[in-house]
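Trainee: I should like to learn how the terms used for a protein model follow from its computed values. May we work through one together?

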Amino acid sequence: KQNAEMRVRQPVALSDADADYVPLMMANYLIGSGGNSRLWIRIREKGGLSYGVESWVQWSSREPASLWQAYAIFAPTNRDKVEAALREELARALKDGFSATELAQGKAGLLSFRQLSRSQDGALAGTLANNLDLGRGFDFAAKVDDAIGKLTLEQVNAALRRHLKPESFVFGFAGDFK
């Protein structure tokens, strides 16, 4: 079966100690990480264009040098449609922002995900090691969870608009293109 993949990247001048860390984390969750994310619904569920689609931020803990990324796996014949759908959904999020309902669902989903990850041995061990390296304790995670619960729609939409710049995206495609 023919297959293809799209990768998208954009540098983000933030670390996980910056004020926009939590708002941008939530904005990304709503765009492409949660089960109800815009990219998943548009490209996978409604469009049927992709086998999988997701976005995430690879956060730096040491300097303002993080990386926003997205991917989609699709049939090569859907390349243009997948790219267009991703661009359109991101443009819509930047223009219109998110809704109060999306934010409420996002808060619940992201907090549940974070809690679940702390209950898994591998993730817990990795967090402990990372915290030791950075001189942090689990109070850092508690503060992040608290900040997620207090996020406002204005904070999330503003962080998205400050940091996600489609004109700076770098696209890469690989697959069985003929």
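Mentor: Let us begin with a definition: two strands pair if DSSP finds at least two bridges between them. Please bear in mind that this is a predicted model.

Trainee: What makes strand 2 and strand 3 a pair?

Mentor: Eight bridges join strand 2 to strand 3, residues 66-74, and the two run antiparallel. The definition asks for at least two bridges, so eight bridges qualify these strands as a pair. Among the residues involved, Val 57 stands opposite Trp 68 in strand 3, and Ser 55 has Ala 70 of strand 3 as its bridge partner.

Trainee: How do you know that strand 1 also pairs with strand 3?

Mentor: By the same reasoning: strand 1, residues 4-12, and strand 3 share nine bridges in the antiparallel sense, and the definition requires at least two. The bridge partner of Arg 9 in strand 3 is Gln 69, and that of Gln 10 is Trp 68.

Trainee: Which strand does strand 1 pair with over six bridges?

Mentor: That is strand 4, and this pairing is antiparallel as well. Here Arg 9 stands opposite Val 170.

Trainee: What is the order of the strands in the open sheet?

Mentor: The four strands are arranged in the order 2-3-1-4, with antiparallel pairing.

Trainee: Why are strand 2 and strand 4 called edge strands?

Mentor: Strand 2, residues 50-58, and strand 4, residues 170-175, each pair on one side only. On average, neighbouring strands of the sheet are turned by 10 degrees against each other, with direction ignored.

Trainee: What holds paired strands together in general?

Mentor: The strands of a sheet pair through backbone hydrogen bonds, in either a parallel or an antiparallel manner.

Trainee: What makes the side chains along strand 1 an alternating set?

Mentor: Ala 4, Met 6, Val 8, Gln 10 and Val 12 point to one face and are buried. Glu 5, Arg 7, Arg 9 and Pro 11 point to the other face and are not buried. In a regular strand, side chains alternate between the two faces of the sheet.

Trainee: Why is strand 3 described as mostly covered?

Mentor: Eight of the nine residues of strand 3 are buried.

Trainee: Let us turn to the helices. Why are helix 2 and helix 3 called roughly antiparallel?

Mentor: The axes of helix 2, residues 38-46, and helix 3, residues 79-96, cross at roughly 150 degrees and come within 10 Å. Angles over 145 degrees count as roughly antiparallel, and therefore these two helices receive that name. Their crossing is right-handed.

Trainee: Which residues make this contact?

Mentor: Helix 2 contributes Arg 38, Leu 39, Arg 42 and Ile 43. Helix 3 contributes Val 82, Ala 85, Leu 86, Glu 88, Glu 89, Arg 92 and Ala 93. By class, the contact has six nonpolar, no polar and five charged residues.

Trainee: Is Glu 89 buried or exposed, and how do you know?

Mentor: Glu 89, which lies in helix 3, has a relative accessible area of 7%. Buried means under 20%, so Glu 89 is buried. Leaving aside neighbours within four places in sequence, Glu 89 is in contact with Arg 38, Leu 39 and Arg 42.

Trainee: Why is helix 1 called roughly perpendicular to helix 4?

Mentor: Helix 1, residues 21-33, and helix 4, residues 100-117, pack at an angle of about 100 degrees, with their axes 10 Å apart. The range from 65 to 115 degrees counts as roughly perpendicular, so the name applies to helix 1 and helix 4.

Trainee: How do you know which class Ser 37 and Asn 130 belong to by accessibility?

Mentor: Ser 37 lies in the loop between helix 1 and helix 2. Its relative accessibility is 1%, and the limit for buried is under 20%, so Ser 37 counts as buried. Apart from neighbours within four places in sequence, Ser 37 is in contact with Tyr 29, Leu 30, Ile 31 and Gly 32. Asn 130, found in helix 5, residues 121-134, has a relative accessible area of 36%. Buried ends at 20% and exposed begins over 50%, so Asn 130 is partly exposed.

Definitions and conventions. Residues are numbered from 1 along each chain as its sequence is written. This is a predicted model: local features need pLDDT of at least 70, side-chain atom pairs count only at pLDDT 80 or more; totals for chains, interfaces and linings use all residues. Side-chain values use heavy atoms; hydrogens and water are left out. Axes are lines fitted to C-alpha atoms, for helices over the stretch in contact, and angles run from 0 to 180 degrees between N-to-C directions. Angles under 35 degrees count as roughly parallel, over 145 as roughly antiparallel, 65 to 115 as roughly perpendicular and the rest as oblique. A crossing is left-handed if the near helix is turned anticlockwise from the far one by less than a right angle, and right-handed if clockwise. Contact means heavy atoms within 4.5 Å. Ala, Val, Leu, Ile, Met, Phe, Trp, Tyr, Cys and Pro count as nonpolar, Asp, Glu, Lys and Arg as charged, and the others, Gly among them, as polar. Buried means under 20% relative accessible area, exposed over 50%, partly exposed in between (1.4 Å probe, protein chains only).
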